[in-house]
Amino acid sequence: MNPPDAHTDLPVAARVRRLEERVIAAGLATDEQLDAILATFLERATPLNGARLVARAWTDPAFRERLLDDGNAAAAELGLVPGDPARRHFTLVVVENTPLTHNVIVCTLCSCYPVALLGPSPSWYKSNAYRARVVREPRAVLAEFGLTLPDETDIAVWDSSSETRYLVLPRRPEGTGEASEDALIGLVTREGLIGTAPV
Ligand code: FE
């Protein structure tokens, strides 16, 4: 599977560094440019971005419609770009929790995830155990995260790819009718956006 120079014996960081050195040696970018791209990207990559989308959808029904219809376009309305500088564009699909259906995201192949909207992914998201088990026994896995769903709630598992990535739109908590958009943003967690927490 791997080409002979894939260096699968090396830790990932060392393999990344070898790749960087080849990019630099080819004159495609300098070390400083690569550092600057990563720093800018990671500075802006936070689950607050996903939370802003959710809070806006909770308070603006027309925005909610647009978000569910075309995640990329709705994100752009808030000045957010779901893609990251090291990859080409991907399609952002937002999936909405309802009383009947709860959504959870995974990448069974590797660890695809909308980093710009959720921040760097948690280590468990990349683990073999999560990737294999959440597909087979989502109800049990969610219970281990402390999220016990009623038997009548269906669980939809969305398998990400490099082309399509998902974000969960959690249900707005009861009793938040008067809350400001900023206050609502503060209620949304990274786990809620992945689907391993209710909000
Ligand atoms: Fe992946």
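Me: Hi! How many Å separate the centres of domain 1 and domain 2?
Reply: Hello! In this predicted model, the centres of the two domains, taken over C-alpha atoms, are 29 Å apart.

Me: Thanks. And where does each domain run in the sequence?
Reply: Domain 1 covers residues 8–43, and domain 2 covers 45–194.

Me: How many residues does each domain bring to the contact?
Reply: Domain 1 gives 4 residues to the contact, while domain 2 gives 7 residues.

Me: Okay, and how much area do they bury between them?
Reply: Domain 1 and domain 2 bury about 410 Å² between them. Of that area, 77% is on carbon and sulfur atoms.

Me: Which residues in domain 1 lose the most area to domain 2?
Reply: Those are I37, F41 and L42. Together they make up 90% of what the domain 1 side buries.

Me: What classes of residue are on that side, then?
Reply: The side of domain 1 that touches domain 2 has 3 nonpolar residues and 1 charged residue, with no polar ones.

Me: How many salt bridges are there across the interface?
Reply: The rule finds 0 salt bridges between domain 1 and domain 2. For polar contact, it finds 1 residue pair across the interface, with both residues at pLDDT 80 or more.

Me: Switching topic: which atoms coordinate the iron ion?
Reply: The iron ion is held by SG of C107, SG of C110, N of S111, and both N and SG of C112. The distances are 2.1 to 2.7 Å.

Me: How are those donor residues spaced in sequence?
Reply: Their spacing is C-x2-C-S-C.

Me: Is C107 buried or exposed, and why?
Reply: C107 counts as buried because its relative accessible area is 1%, and the cut-off for buried is under 20%.

Me: What about S111, how does that one count?
Reply: S111 counts as partly exposed, at 30% relative accessibility.

Notes:
Residues numbered from 1 in each chain as written. Predicted model: local features only at pLDDT ≥ 70, side-chain atom pairs only at ≥ 80, totals over all residues. Heavy atoms only, no water. Domains from an automatic or database assignment. Contact = heavy atoms within 4.5 Å. Buried area = accessible area lost by both parts, 1.4 Å probe. Salt bridge = Lys/Arg side-chain N within 4 Å of Asp/Glu carboxyl O. Polar contact = N/O pair within 3.5 Å; in protein donor to acceptor, adjacent residues only side chain to side chain. Nonpolar A, V, L, I, M, F, W, Y, C, P; charged D, E, K, R; others polar. Donors = N, O, S within 2.8 Å, 3.2 Å for Na, K, Ca; no water. Buried < 20%, exposed > 50% of the residue type's maximum accessible area, 1.4 Å probe, protein only.
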